[in-house]
Amino acid sequence: MTDMIPWLGVIVLVLTGWAIVKKYQVNMVLFIGGLLLNVLALFGGLDALMTKGSTGFIGFDLFELLKSISTSQVAGVGFIILISGGFASYMQAIGASDRFVTVCAKPLSFIKNPYLILAAVFIFGHCLSLVITSAAGLAMLMVVTVYPLIIRVGCSPLAAAAVVASVLAIGYAPASGTANLAAQLVHLEPIEYLVRYQLPMAVPTIIAMAIAHVVVQYYFDKKEGTGEVADLTELETKRKTLEKTPAFYAIFPIMPIVFLLIFNKMVYKSVTLSVPTAMFICWFIAFIFDLLMRRNVKESFDLSFAMFKGMGNILTSTVGLIFVAAFFAKGLQNVGIVDLLIDSAQGIGLNSTGMGVVLSAIIGLVTVLTGSGVAAFTSLAHIVPDVAQAMGVDGISMMVMMHTAAEMLRAMSPVAGVIIIVAGFAKVNPLTMVKRTAIPCLVGYVVMLTFVGLFF
C-alpha cells in the first residue's frame with residue numbers, strides 16, 4: 001500500500017491541473033490539493049508534518065503547516081511582492097508609468113520602415129516590462145502610445161496588434177512578483193537574478209523574437225492583406241491626455257531599479273538596499289515631487305494611499321496564491337512525488353537541464369490552456385530546491401526556464417487576457433491573433449532554452 005501512495009499523489013496532481021485548466025478558483029484548488037497530498041503522506045507512513053511547533057494533534061498540524069508556510073512567505077518574498085505591487089499602483093495613480101511609456105516612445109517616431117518599426121516596437125515594449133509587469137496593462141499603454149506610429153508608417157493593424165500583445169515575454173525582477181519568488185527559491189537577491197541571469201538570457205531571446213515577428217507578420221500580410229486601417233483619432237486624444245503629466249515623472253518608475261543597481265553587494269558594498277527599502281524610498285521621493293507639482297495636499301495624500309491599496313490588491317491576487325502553492329508543493333514533497341520525479345528523470349538519463357526543459361514545458365502547456373502561468377509556476381517552482389539538491393546543482397537554470405516559460409507562452413493562448421483585449425481592439429478573433437503570435441513565442445522559447453542550457 002505504501003508503494004501506491006506516490007501514484008495516488010500523481011492522481012491528485014493530475015486532478016489539480018485539470019481543475020486549474022477548467023478555471024476553478026486557483027487558490028482553493030491548490031489548497032485542497034495540498035491538503036489531500038499531505039493526508040496521503042500521513043497514510044503512507046509520514047511520522048510528522050512539523051519538525052517543530054506541532055499542535056500535538058496531527059489533524060490540526062495540517063493547518064499549522066499552512067500557517068507556518070504563510071508566515072515564512074509573508075516575511076520574505078511575500079513582503080517584497082506586496083511592496084512591488086503597491087509601488088506599481090502608486091506609479092499608475094500619479095500617471096508616472098503612463099508618462100514613462102510616452103517619453104520612451106518618442107524615438108520610435110523617427111523610424112519609417114514598416115517592418116523595422118515592428119521589430120523596434122517589440123524590443124521597446126519588452127524593455128518597458130522592467131517596470132510594468134501587467135501584460136494587459138502594458139499592451140493597452142502601447143496601443144495608446146505607439147500603435148498609431150506603427151500604422152502611420154504602413155504596418156497592418158493586425159501585425160501591429162500581434163506585436164503589442166506579445167511584448168511582455170519576460171517578467172523581470174524586482175518589479176515582477178514571480179521573478180522575486182524565483183530568485184528567493186534559488187537563494188539569489190532579486191537584482192542579482194536580474195543582472196546575472198535574466199538580462200543575459202533576454203538579449204538573444206528577444207532579438208530572435210523580434211526577427212521572427214518581422215518574418216511572420218510580413219508573411220501573413222502578403223497572404224491575407226493588410227486589412228482596414230483603424231480610426232486613430234481617439235487614440236491620439238488619449239495620448240495627448242497622458243502627456244499632460246510632467247515629463248520628469250517618467251523617472252519615478254525606474255528609480256528603484258537604479259537604486260538597487262547602485263546599492264548592492266556587487267557594486268557598492270558599503271551601502272546596500274533591499275527591494276522593499278528601495279521602493280519605500282522611491283515612493284516617498286515621488287510623493288514629495290508630486291506634492292510640489294500638484295500644490296494640493298489633500299489630493300496628493302489621497303493618491304499616495306494607492307501604495308497601500310495596491311499592497312492589499314496584490315495580497316489577494318498573488319501573495320495568497322504563493323501561500324497555498326507552497327503548501328501544495330510541500331504535499332508533493334511529503335507524498336513522494338518529488339522523489340518519483342527525480343528517480344524517473346535519472347532513469348531516462350535526464351540531467352538538470354533536461355529536467356528544466358520538462359518542467360518548463362508542463363508550465364508552458366498550462367499557460368497556453370489557461371491564459372496564465374502564475375498558478376502553474378508558483379506551485380511547481382517550490383519543488384526546484386529539492387530537485388536541485390538531489391541532482392547536485394544550484395537549480396538556477398531550471399528556475400529560469402520555468403519562470404520564463406510561464407511568461408513567454410502567454411501570448412500563444414487565445415484565452416489570455418492580453419490576447420482577448422488586444423484582439424477586441426483590432427476587431428479580430430483571438431485565434432486569428434494567436435496565429436500571428438505563436439511562432440515568435442515558440443522561437444523565443446527555443447532560443448531561451450538553448451541559451452540557458454549552454455551557459456547556465
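Let's start with charge: this protein has 26 positive and 22 negative charges, and their mean positions lie 11 Å apart. Please keep in mind as we go that this is a predicted model.

Now the surface. The protein exposes about 19600 Å², and 68% of that comes from carbon and sulfur atoms. And the inside? Of the 456 residues, 55% count as buried.

What is the fold built from? You will find 23 helices and 0 strands. The radius of gyration is 23 Å, close to the 23 Å that the globule rule gives for 456 residues, so the protein is as compact as a globular protein of that length. If you draw a box around the C-alpha atoms along the principal axes, its sides are roughly 70 × 55 × 40 Å. Here is another way to look at the fold: take the contacts with a separation of 6 or more, and 77% of them are between residues 24 or more positions apart.

Let's pick one helix and stay with it for a moment. Helix α14 runs through residues 275-294. At 1.5 Å a residue, its 20 residues should span 28 Å, and the end C-alpha atoms are indeed 28 Å apart, so the two agree. Which of its residues are buried? They are Val275, Pro276, Ala278, Met279, Cys282, Trp283, Ala286, Phe287 and Asp290. When you look at that numbering, here is a handy thing to remember: an α-helix has 3.6 residues a turn, so residues three or four places apart point the same way. As for what covers the buried residues of α14, the list includes α4 (77-93), α11 (190-224), α13 (255-262), α15 (297-304) and α16 (306-335).

Next, some backbone details. Most residues other than glycine have a negative phi, and most peptide bonds are trans. Right after α14 comes Arg295, with a positive phi near 55°. Arg295 is in the loop between α14 and α15. Is Arg295 buried or exposed? At 76% relative accessibility, Arg295 counts as exposed.

Lys23 also has a positive phi, near 65°, and is a residue other than glycine. You can find Lys23 in the loop between α1 (5-21) and α2 (26-43). With a relative accessible area of 51%, Lys23 is exposed, given that the cut-off is over 50%.

Then there is a cis peptide bond, from Ala173 to Pro174, with omega near 5°. Pro174 sits in the loop between α9 (157-165) and α10 (177-185).

Let's finish with two buried residues. His403 belongs to helix α21 (residues 396-408), and its relative accessible area is 1%, so His403 is buried. What does His403 contact, leaving aside neighbours within four places in sequence? Its partners are Gly171, Ser176, Thr178, Ala179, Ala182, Tyr193, Gln198 and Phe377.

The other one is Leu332, in helix α16. Leu332 is buried too, with a relative accessible area of 2%. Not counting residues up to four places away in sequence, Leu332 touches Leu13, Leu37, Ile337, Val338, Ser379, Leu380 and Ile383. Try finding Leu36 on your screen as well: Leu332 and Leu36 are 296 residues apart in sequence, while their C-alpha atoms are 10.0 Å apart in space.

Thanks for listening, and please ask me anything!

Definitions and conventions. Residues are numbered from 1 along each chain as its sequence is written. This is a predicted model: local features need pLDDT of at least 70, side-chain atom pairs count only at pLDDT 80 or more; totals for chains, interfaces and linings use all residues. Side-chain values use heavy atoms; hydrogens and water are left out. Helices (H or I, at least four residues) and strands (E, at least two) are DSSP runs, numbered from the N terminus. The radius of gyration is taken over C-alpha atoms; the globule rule is 2.2 Å times the number of residues to the power 0.38. Buried means under 20% relative accessible area, exposed over 50%, partly exposed in between (1.4 Å probe, protein chains only). Contact means heavy atoms within 4.5 Å. Accessible areas come from the Shrake-Rupley method with a 1.4 Å probe; for residues, only the protein chains shown count as cover. Lys and Arg count as positive and Asp and Glu as negative; His and the chain ends are not counted. The place of a charge is taken as NZ of Lys, CZ of Arg, CG of Asp or CD of Glu. The expected span of a helix is 1.5 Å times one less than its number of residues.
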